Amino acid sequence: MFGKVLIANRGEIALRVARTCRELGVRTVGVYSTADRDPRALRHFDETVHIGPARGRHSYQHIPSVIEAALQTGAEAIHPGYGFLSEDPDFAEVCAANGITFIGPEPGLMAALGDKSSARRIMSEAGLPLLPGSVEPIQGAEQATATAAAIGYPVIIKAVAGGGGKGMAIVTRGEDLVETFLGARATARAVFGDDRVYIERYLARARHVEVQVLCDSHGNGVHLGTRDCSVQRRHQKLVEEGPAPALTPATIAAMTSASVRAALQVGYTGVGTFEFLVDEAEAFSFMEINTRIQVEHTVTEAITGIDLVREQLFAAAGHPLALTQADIVTRGVAVECRVNGEDPDRDFVPTPGTLDRFDVPGGPFTRVDTHAFTGYALSPHYDSLLAKVVVWAPDRAQALDRMDRALAEFDIAGPGVRTTIGFLQRVMADPEFRKAEHGTALVDRLQARQKEAGK
């Protein structure tokens, strides 16, 4: 195992990784920008290094600064968390060139899977089903029109380099295709520096289901069950639960076994997440693979009892998997809600500010991962996530009741700060969600109902 790990991230995920490192006796190096220099946020690390100003591109995403911090402190490995440099193959290559272990898959494979177009081709060749659409990037408006017509409307245009719900546009009518296509390419170029896009069929009532896999560098791999992440705003998740409800055992077995088989076929190492769309007939189609720890990994930890960051560290250190598929048993139901500093009544616009009050829930089978505290300044420079609350119960009905109770115990306030807590409570009370009959359109429906009630 490593003696010292630099955590190239901030917020709750940096703290989450630091806690497991401490349990393993691994010393940690935390990095921070000027906006995150409050000592209360840095007390969980053995050492800390200032790496630049507030803007991420000049600090958490600035490769030379992060590498220099690792070299100065003698860190043997870098855990990237999620976001920032976590899926940047160039960063992984620079780590290797400096004798530092990047905690993630091999850079070449990460590059191939991070490109959503090549990932579709690779996973199709590995036997995973795809939605009808273009495997290669669309070259121009004429090809886009022909492709969409062949698929049939509605279609969705996605950025090849997209992620985090960004770079997607839905088209329901042929007359809107060209303008939306050109706009999507411009957005992709501005956000990702890569204007390549592809088109696939859009499923209005689909569910977003994912499979967590774990592989070592010795050819061993397992899955840790499924998660449902259908409750999303702007294609970004708000609520996650595991195992995915209302799926037949046959569907779950097919998805999980296909994911492990595909991961091993491409030589994947570490933790990874296969994301699928599932239609009303339970036909599933591969969307993408995330080559990092995910925000919602806590759901899987709650139903399996396995520390995924711990397993990630051991895999990166070259240890063979200590788990076989028979060792992994999921029990009960876990639900996670993301509490963001956003205003749901204004299309979830971030609401930065300083917290005058920050009190989190407790109680049985309730976990809160957070980096915030009373006096914490929610910065406009970073993601608006304030806390993740995860509950476990023997069945889904009890888990939802427990989540409703936990959400009610939050006490977060500050000038100008709004949170998603009230909206999450509406999700928990929604009859369709309660019956697990919802899809990715649930949030849009609740927002529309709220606007109608406000008229």
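Contact here means heavy atoms within 4.5 Å. With that in hand, let me go through this structure, which is a predicted model.

I'll start with Val5. Setting aside neighbours within four places in sequence, Val5 contacts Cys21, Val26, Arg27, Thr28, Val29, Ala75, Ala77, His79, Ile103 and Leu313. Val5 also belongs to the largest nonpolar core, which has 52 residues. Within that core, the members touching the most others are Val5, Leu6, Val66, Ile78 and Phe91. There is a second core, separate from this one, with 37 residues, among them Val368, Leu386, Ala387 and Ala393.

Now the sheet. Its 5 strands are paired in parallel, the sheet is open, and the order is β3-β2-β1-β4-β5. Which strands stand at the edges? They are β3, residues 47-52, and β5, residues 101-102. Each has a single partner strand, so one side of each has no neighbour in the sheet. Strand β1, residues 4-7, pairs with β4, residues 77-79, in the parallel sense over 3 bridges. Leu6 has Ile78 in β4 as its bridge partner, and both residues were on the list of core members touching the most others.

Next, helix α3, residues 63-73. This helix lies across β1, β2, β3 and β4, and runs at about 150° to β3. Thr73 is part of helix α3. Is Thr73 buried or exposed? Its relative accessibility is 13%, and the limit for buried is under 20%, so Thr73 counts as buried. Apart from neighbours within four places in sequence, Thr73 is in contact with Lys4, Val29, Glu47 and Val49. Val29 was also among the contacts of Val5.

That is what I have on this one.

Methods. Residues are numbered from 1 along each chain as its sequence is written. This is a predicted model: local features need pLDDT of at least 70, side-chain atom pairs count only at pLDDT 80 or more; totals for chains, interfaces and linings use all residues. Side-chain values use heavy atoms; hydrogens and water are left out. A nonpolar core is a set of buried Ala, Val, Leu, Ile, Met, Phe, Trp, Tyr and Cys residues joined through side-chain atoms within 4.5 Å. Buried means under 20% relative accessible area, exposed over 50%, partly exposed in between (1.4 Å probe, protein chains only). Two strands pair if DSSP finds at least two bridges between them. Helices (H or I, at least four residues) and strands (E, at least two) are DSSP runs, numbered from the N terminus. Axes are lines fitted to C-alpha atoms, for helices over the stretch in contact, and angles run from 0 to 180 degrees between N-to-C directions.
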